Amino acid sequence: MVQAFLIKYSEIGIKGKNRYMFEDALRDRVAEKLKKCEGTFAVQRENGRIYVEAKSEYDYEEVMEQLTKCFGIAHICPVVLIEDKSFAHICRELVAHMEEEIGSRPFTFKVFAKRSDKQYERTSPEICQDAGAYILEHMPNAKVDVHHPEVSVNIEIRHRAYVYVTSIKGPGGMPVGTSGRSMLLLSGGIDSPVAGYMMAKRGVRIEAVYFHAPPYTSERAKQKVIDLAEIVSDYAGEIRLHIVNFTDIQMYIYENCPHDELTIIMRRYMMKIAERIAGETECMSLVTGESVGQVASQTMQSLVATNAVCTMPVFRPVIAFDKQDIIDIAEKIGTFETSIQPYEDCCTIFVAKHPVTRPDCAAIEKSEQRLAEKIDEMLECAISDREIVTVRK
């Protein structure tokens, strides 16, 4: 019976003197994820390792589902803990575990040993040699291959013995919360949830802002975005979603500005609002799901015009992705089916028939002068009256 899980990381291992901070963060994120599971678990950091030990009955599949959504984990190894460190007992437990994990199919293997307990009766090479001989004697379906083994048999001798033969790929990345906080402009489309997921994978804590335009966008469109935030939160942790009523601003722009510039001007004011809220919530950057050339508002010239109103960095994780690349990630993380539900967001409702694709910043700023009478007051009202929803899976 698997009693523990060894959590392996990769990138954290190159962090030098600060590595312990990232290890602590990963330990905390693992513990946070396991709170969603039935059972009691102890999560410990020990000599460059992170172990999860089950202290009660638990659901293996449920635990694996949570750990494979925890950024910072490179691999998850189900481990059998052995209190009696006599070599004969370790070998018996090891073979029993291998029979459970591998079954009767033929396989090749190699034994790896780590001996933190230097008083142990055998050295690491002796453990490898003698354990390999025991496996060959008791498992007729086993064959040694030291160059390209199908199964890596791991034995660690610490204050207890740890044995494992299975390594399950984790999501990689960095523990959420180790790379600051960003404000995601979250729409109901395919791209922005993927952008949020990708930033969270780099350790960024995500907040999000959604621009709602009732009655032109329905309550179901709003719920769709909340649902998307909830799916992303399963990877990124708790997300505060700031819902901004954008209707009055959109109509004011629509009534006063050239229609071919509507999308760019609306986008610029969205960025201004998002940056203001980001500043209030200690975010250090904005995040969007824009990809070069995908639509008129995402040409190089359009992105330059949009960026011109921002002082914060604007990160675009999917900037060079094809649409299919983005869809593949959306399907993997579970946002795609929700994103394609037919509920329009405010950008698609007010899109011009022939939007400008190469906007000139000077011309855009001249058009925005027509809004000077009311726009600042309207921005303040939209920001102060926003709804904040805390979303967690």
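**Exercise 1: A salt bridge across the chain**

Task: Glu46 has a relative accessible area of 16%. In this predicted model, is Glu46 buried or exposed, and which residue forms a salt bridge with Glu46?

Solution:
- Step 1. Buried means under 20% relative accessible area. Glu46, at 16%, is therefore buried.
- Step 2. Now look for the partner. Glu46 forms a salt bridge with Arg158, and their closest N and O atoms are 3.9 Å apart.
- Step 3. Place both residues on the chain. Glu46 sits in strand β2 (residues 41-46), while Arg158 belongs to the loop between β7 (151-157) and β8, so this pair links distant parts of the chain, 112 residues apart.
- Step 4. Check the partner's surroundings too. Arg158 has a relative accessibility of 6% and counts as buried.

**Exercise 2: A salt bridge between two loops**

Task: Find the salt-bridge partner of Glu150, then explain why this pair ties together separate parts of the sequence.

Solution:
- Step 1. Glu150 forms a salt bridge with Arg105, with 3.9 Å between the closest N and O atoms.
- Step 2. Glu150 lies in the loop between β6 (142-144) and β7, and Arg105 in the loop between α3 (87-102) and β5 (107-115), so the bridge ties together parts that are 45 residues apart in sequence.
- Step 3. Compare the accessibility values with the cut-offs: exposed means over 50%, and partly exposed lies between 20% and that value. Glu150, at 55%, is exposed, and Arg105, at 42%, is partly exposed.

**Exercise 3: A salt bridge inside one helix**

Task: Where do Arg19 and Glu23 lie, and which network of salt bridges includes them?

Solution:
- Step 1. Arg19 and Glu23 form a salt bridge, the closest N and O atoms being 3.2 Å apart.
- Step 2. Both residues lie in helix α1 (residues 19-34), four residues apart, which is about one turn of the helix.
- Step 3. Arg19 counts as partly exposed at 30% relative accessibility, whereas Glu23 counts as buried at 3%.
- Step 4. Widen the view: salt bridges link Arg19, Glu23, Asp24, Arg27, Asp28 and Arg45 in a network. The count for the structure comes to 34 salt bridges.

**Exercise 4: The buried side of a helix**

Task: Which residues of helix α10 (residues 323-333) are buried, and what do they pack against?

Solution:
- Step 1. The buried residues of α10 are Ile326, Ile327, Ile329, Ala330 and Ile333.
- Step 2. Around the helix axis these residues cover an arc of only 165°, which puts them on the same side of α10.
- Step 3. Their packing partners are α5 (191-201), α6 (219-236) and α11 (336-339).
- Step 4. Follow the chain onward: just after α10, Gly334 takes a positive phi of about 90°.

**Exercise 5: Counting disulfides**

Task: How many disulfides does the structure hold? Use Cys128 and Cys283 to explore the result.

Solution:
- Step 1. The sulfur of Cys128 has its closest cysteine sulfur in Cys91, 11 Å away, too far for a bond.
- Step 2. For Cys283, the closest cysteine sulfur is in Cys310, at 13 Å, again too far for a bond.
- Step 3. The structure holds zero disulfides.
- Step 4. As an extra, sort the two cysteines by accessibility: Cys128 counts as partly exposed at 23%, and Cys283 as buried at 6%.

**Exercise 6: Neighbours in space**

Task: Is Ala161 buried or exposed, and which residues beyond its sequence neighbours does Ala161 contact?

Solution:
- Step 1. Ala161 is found in strand β8 (residues 161-164).
- Step 2. At 0% relative accessibility, Ala161 counts as buried.
- Step 3. Leave aside the neighbours within four places in sequence; Ala161 is then in contact with Val80, Leu81, Ile82, Lys85, Ile90 and Glu156.
- Step 4. Take Ile90 from that list: 71 residues separate Ala161 and Ile90 along the chain, yet their C-alpha atoms are 7.3 Å apart.

**Exercise 7: Backbone details in loops**

Task: What kind of peptide bond joins Pro214 and Pro215, and what is the sign of phi at Glu282?

Solution:
- Step 1. The bond joining Pro214 and Pro215 is a cis peptide bond, with omega about 0°.
- Step 2. Pro215 has its place in the loop between β11 (205-212) and α6.
- Step 3. Glu282 is not a glycine, but its phi is positive, about 65°.
- Step 4. Glu282 lies in the loop between α8 (262-280) and β13 (285-287), and counts as exposed at 67% relative accessibility.

Definitions and conventions:
Residues are numbered from 1 along each chain as its sequence is written. This is a predicted model: local features need pLDDT of at least 70, side-chain atom pairs count only at pLDDT 80 or more; totals for chains, interfaces and linings use all residues. Side-chain values use heavy atoms; hydrogens and water are left out. Buried means under 20% relative accessible area, exposed over 50%, partly exposed in between (1.4 Å probe, protein chains only). The arc is that of the directions from the helix axis to the C-beta atoms. Contact means heavy atoms within 4.5 Å. A disulfide is a pair of cysteine sulfur atoms within 2.5 Å. A salt bridge is a side-chain nitrogen of Lys or Arg within 4 Å of a carboxyl oxygen of Asp or Glu.
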